[in-house]
Amino acid sequence: MPTIGVDKYKLFEALGQKFTTEEFEDLCFEFGIELDEDTENDERPLVNGEREPPQLKIEIPANRYDMLCFEGIALNLNVFRGRTDPPNFRVVEPKSAEQQTIVVKPETAQVRPLVAGAVLRGVKFDKDRYESFIALQDKLHANLARNRTLVSIGTHDLDTVQGPFTYEALPPRDIKFAPLNQTQEMTAEQLMTFYENDKHLGRFLHIIRDAPVYPVIYDANKVVCSLPPIINGDHSKITLDTTNVFIEITATDLTKLQIVTDIMVTMFSMYCAEPFTVEPVKIISEHNNLTRVTPSLEPRIALAEVDYLNSCTGLDKSPEELCKLLNRMAYVSKPSASDSNILEVAVPITRPDILHQCDIMEDLAVCYGFNNLPRTAPSRSATVGAPLMVNKLSDIVRVETAMAGWSEVMPLILCSHEENFGWLNRKDDGNTVIRLANPKTLEYQVVRTSLLPGLLKTIRENKGHSVPIKIFEVSDIGLKDESLERRARNERHFAAAWCGKTSGFEVVHGLLDRVMLMLRTPFLTEGASGDSSDGYWIEELNEDTFFPGHAAAIHLRLGGKQARIGEFGILHPSVLDKFDLRYPVSALEINLEVFL
Amino acid sequence: MTTSNSAPAGDLTSQVLHKLSTQSPILSSEAFPAATFQDVKAALDRLGSRSMVTYETMEREEALLEPEAEQIAAHGSHEARVFEAVREAMEGLTIQELEQAIGDKTVTKLGQGKAFKEKWISKGKDGKLVATVRLIFLWGGDLICRAEPELTPYVSLLQADSIKDSTRAVLLQVKETKTGDAKALADLKKRKLIKLQKVVTFKIDKGPKFALEIEKEETDLTSDMLSSGSWKTAKFKPYNFRALGSDQNAGALHPLNKVRHEFRQIFFEMGFEEMPTNKFVETGFWNFDALFVPQQHPARDLQDTFYISDPKVADKPRPLVEGQNPEEYWNNVKEVHQDGKFGSIGYKYPWSADESLKLVLRTHTTSISTAMLYKLASQKGPDGRPPPARYFSIDRVFRNETVDATHLAEFHQVEGVIADYGLTLGGLMEFMEVFFGKMGITDLKFKPAYNPYTEPSMEIFSYHKGLGKLVEIGNSGMFRPEMLESMGLPKDMRVFGWGLSLERPTMIKYKISNIRELLGHKVDLGFIERNPAVRLEKE
């Protein structure tokens, strides 16, 4: 969730009321934004020798692009509190000048195919407005535009350039200009090296760096306006004195392009000579059939069902009452003339997050106040509770093992490949373990295929504990399984480890017997060679994980089916060494799912 | 028989009793100077527990000589020894000769310096060290000069006894009294000649049951005593009611699982069925797409989600119950994202099947809820429509987080789902009041929030007395129609979903500030073993 810092007293001035922090917090809570911080009583930094004015840091939900700047927050809260009507954003033809155009060259399809434009006429900037204008671009770039990969914005002083503009794509060495705040001209190729170590811009170079052609916006005199998505030209830069702003926006995603354009122009149209108006730009893009005029700013008419709105919120309001309520969230709506169950809701162009009538229904609930909504019984139907069988089985084993004097631990499911294999003297056959593609640390490389590494690490981290240490875990391991949709499955295991001055081999063996007894599984002294009755038996096991001659495989026959379900034994001293354990350890691990 | 120097405790107890019979109170340091602290304490505890004596503990500091000081006390200070050696050789000594005479290099070196400073010795004409003496002239006046033999006729010579070895004198006194003038002691300590040691002495007096003999007391009632009947006459040692009983070597369940158990009980009480969340690996489809999370959503970034490199690619969804057509579901999901459907205008972006078939470690258990709801869509209740249902799960989820005090790459998600006809937002709030009320959490506040797969979305807050503010305790909402109708659920079936982490309430409950002290291999076993029962409803 983005956090926006706004000047506290300027916001209160815009809202026409001085709030206490608690009052403002309550307003935010009701609206669905969150006051993160009020810096009034904090040590604030000095900016140009002056103490920074108190700020409110406000968390904005990820869907409210229209509240990523001071202007949007003030506007929406004012509408919500009934202080102003929802603004009527309009596109107007230029009065004294010609409509601007951007001609799109087909080559742009190779790198960044889409462009839109708009003009804000007669804008009055001051320091705050100018900074907010820049900050909004940064926020949009960071969030919606996914760090400029999807969309990037260029803003220019229209009076320094001359249309018609062209949007082209050229080899980097053929593009030459002085980038923003530089005096030196350079080619786009040189520019890549120049900004390579720039903390801010360096992060965006990769978006086009390896492309054969770079996107560029020229004016009629071949002045470079911008090299999207990296940087604007210095020539057309915006200053506090700029009054006519030319905005060009390039993109790889058409929907996001439209959203960013609409948000950018609507937020600052309030500072235009005629507030809330925007001048359109004609985009000539024949090669991909995207010749059009941008922006449109026409609100979308969504239909919402009265009975749906009422029934979801538990309200019983007339269509007119609903329309009045919805006004608080900047919807201009009216009951449909043809269907009494339908509202025609004009969704403001600033609300691209409204996709379905459920979004309108939520805003209706916000307008009414979540905490004021009538309470009803949660649901009308009775249902029957039931545990998941494998969890019920696990709980039996967990409780029995704890009753036998063992302590339950909960290590992590992710571990390193080494801990899972090499350190246990086990080999990775390539068909078993689930590997992660993008872990941030070596600690998390695979999904464990055994509970042992976690138990041994827990013992290692508890060297200060008196011995013997007796711990266990009942939890899932993960296994590759190509036969399944998800190509993997979990398996519920039970494992225990003893660590003491002596090996504890018989203690672990005894725990196995105890758990088997609790699972109604008899011990078969004859082993596999006896009759075919159900039960378990153990056989000496030679595996490198264990000390030779002191390990056993555990076999189970259940309903005639026979399987090796696990093993126990004294761990091999080389395993202890890898896990940095100084006392002998005996361990047991079995698959529980066979008992389901 | 013991041959140790210190008297065994058994002997000491009777010695204490006998001494007390002649004199009381007594000081242990005076009465038993040779006995060690441990022996005296053991004897007094034994007698004290039988109320035969009472005692007070007194602490004081004793000054003890360091080895170097012991040497000085025995032989004199270094400078005095140097003076003695030089004086005895009237002809003076070279430095080597002095060393030989004293037989200790350090003493010679240190003593020589100090003796020079005190003007007890000086260098003669031939470079040899000679003793200085105080000359008292026959005609009056005095003068310090070398003891030149030719001066003898004119002066009376005062020699050796005229120097005063004050260090030795002080040390001898400290050695005897083990104490001294505070300033002098501080000076000696600074010179590393003595050390100060705390010494405990007991002031012992007769107790209410004082007697000269210790009566034999039984510590426990035994089966032998029952069969012989000796319990009738035996004296029993009083039980120490101020000590803890013996350690039980008990087993223990993990605190987090104990809290999980409480939550599960609440779910069962309220008619919820546990979901099969035993699947760590999910597909992009179930984890994101089916929940109407767009493919460019930041949650799907490599920064946030663990992707799987092996196995590589998932299969498309398969039927969960017979007769299902997952291909239709798949296409619905694609359409509702890309072009809009079921009354939604959609996200309007080119939806990629490859992205949907990527394998991930599930970032939430909602992927399982989604599959459960898809299954529910083809079930038929008595009225031929999908029956109302309540599902829950508490299981591990994975996030590719940078690990810190409040974040681990793994944690547990508690999740609940209610599917029914005609559900309202007020019903969801009412349910939350009941659900959290069972944990002693009341007076909930609901804040509008945003979540890509629920609309409306509500964050649940509760006032926390300890923290003195509203804290978020969970997230909830009604699943979006885009998600539900794609599955084929009827339009008027609404579904509540809510979730919270298991760790957070547990950390608040047990006042744990670092999640690594709760989950993972770094947890202290002592914490697990001593952790009380949960009882969420009791604050």
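**Exercise 1. Work out which charged side chains join B:Asp301 and A:Arg146, and put that pair in the context of the whole contact.**

Step 1. Start with the pair itself: B:Asp301 and A:Arg146 form a salt bridge through their side chains, at 2.7 Å from N to O. The term asks for a side-chain nitrogen of Lys or Arg within 4 Å of a carboxyl oxygen of Asp or Glu.

A word on the ground rules: this is a predicted model, where local features need pLDDT of at least 70 and side-chain atom pairs count only at pLDDT 80 or more, while totals for chains, interfaces and linings use all residues. Residues are numbered from 1 along each chain as its sequence is written, chains are lettered from A and ligands numbered from 1 in the order in which they are written, and side-chain values use heavy atoms, with hydrogens and water left out.

Step 2. Now count: chain A and chain B share 9 salt bridges.

Step 3. Sort the chain A side that touches chain B by class, and you get 45 nonpolar, 26 polar and 27 charged residues. Here Ala, Val, Leu, Ile, Met, Phe, Trp, Tyr, Cys and Pro are nonpolar, Asp, Glu, Lys and Arg are charged, and the others, Gly among them, are polar.

**Exercise 2. Find how much area chain A and chain B bury between them.**

Step 1. Residues first: 98 from chain A and 113 from chain B take part in the contact (heavy atoms within 4.5 Å).

Step 2. The two chains bury about 8600 Å², with 54% of it on carbon and sulfur atoms. That's the accessible area (1.4 Å probe) lost when two parts are put together, summed over both.

Step 3. On the chain A side, A:Met410, A:Glu485 and A:Arg486 lose the most area to chain B, together 10% of what that side buries.

**Exercise 3. Locate the strand pairing between the chains, then follow chain B onward from E12.**

Step 1. E24 of chain A (residues 434–436) pairs with E12 of chain B (residues 308–310), antiparallel, over 2 bridges. Pairing takes at least two DSSP bridges; strands (E, at least two residues) and helices (H or I, at least four) are DSSP runs numbered from the N terminus.

Step 2. Within that pairing, A:Arg435 sits opposite B:Asp310.

Step 3. B:Asp310 also leads into a cis peptide bond to B:Pro311, with omega near 0 degrees. B:Pro311 lies in the loop between E12 and helix H13 (326–338) of chain B.

Step 4. Look at the loop between helix H12 (284–287) and E12 of chain B for B:Phe292. Though not a glycine, B:Phe292 has a positive phi of about 65 degrees.
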